[in-house]
Amino acid sequence: VGAELLCRRHQLIREAYRLSPSAPDYSASDWFMGWGRRRTGQTVQPPLAAYVAEQLKHEASIAKESRKAREEKMLKAPRA
């Protein structure tokens, strides 16, 4: 894995300087390095990202219902 990243980085630098030697452009670095759309969160495989999103959504739903139940209990509790 390390050697592959080194080779990719080398290719990225060569391409950036080939396109503009006086001002190398590294805008495609995420693609060269194999990270895809890093700025938009697509650094993992889409099925894994979908699974994680679904689990987080499920946890948020549980937390929301727990909060609502707590608030309802507070409203029904006799005030001293």
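Helices here are DSSP runs of H or I with at least four residues, numbered from the N terminus. With that in hand, welcome to a short tour of this predicted model.

**Figure 1. A salt bridge within helix α1, between Arg8 and Glu4.** Both residues belong to helix α1, which covers residues 2-19. They sit four residues apart, about one turn of the helix. The closest N and O atoms of the pair are 2.9 Å apart. Arg8 counts as partly exposed because its relative accessibility is 26%, and Glu4 is also given as partly exposed, with a relative accessible area of 44%.

**Figure 2. The whole chain, for orientation.** Before we zoom in again, here is the setting: the protein chain has three helices and zero strands. Read from the N terminus on, the elements run α-α-α. The chain holds 80 residues, and 8% of them are buried. Its accessible surface comes to about 7,200 Å², with 58% of that belonging to carbon and sulfur atoms. Across the whole structure, a search finds five salt bridges.

**Figure 3. Lys68 and Glu65, a salt bridge in helix α3.** Here the partners are three residues apart, about one turn of the helix. Their closest N and O atoms lie 3.7 Å from each other. Lys68, at 39% relative accessibility, counts as partly exposed. Glu65 is partly exposed too, with a relative accessible area of 43%.

**Figure 4. Arg67 and Glu71, also joined by a salt bridge in helix α3.** Four residues separate the two positions along the chain numbering, about one turn of the helix. In this pair the closest N and O atoms are 3.2 Å apart. Arg67 has a relative accessible area of 36%, so it is partly exposed. For Glu71 the value is 41%, and this residue is partly exposed as well.

**Figure 5. A nonpolar patch on the surface, formed by Val1, Leu5 and Trp35.** Together, the three residues have about 310 Å² of accessible area. Take a moment to find Trp35, which is located in the loop between α2 (29-32) and α3 (46-76). Is Trp35 buried or partly exposed? Its relative accessibility is 34%, so Trp35 counts as partly exposed.

Definitions and conventions:
Residues numbered from 1 in each chain as written. Predicted model: local features only at pLDDT ≥ 70, side-chain atom pairs only at ≥ 80, totals over all residues. Heavy atoms only, no water. Patch = residues over 30% accessible without salt bridge, like charges linked within 9 Å, V, L, I, M, F, W, Y side chains within 5 Å. Areas by Shrake-Rupley, 256 points an atom, 1.4 Å probe, with all protein chains shown as cover. Salt bridge = Lys/Arg side-chain N within 4 Å of Asp/Glu carboxyl O. Buried < 20%, exposed > 50% of the residue type's maximum accessible area, 1.4 Å probe, protein only.
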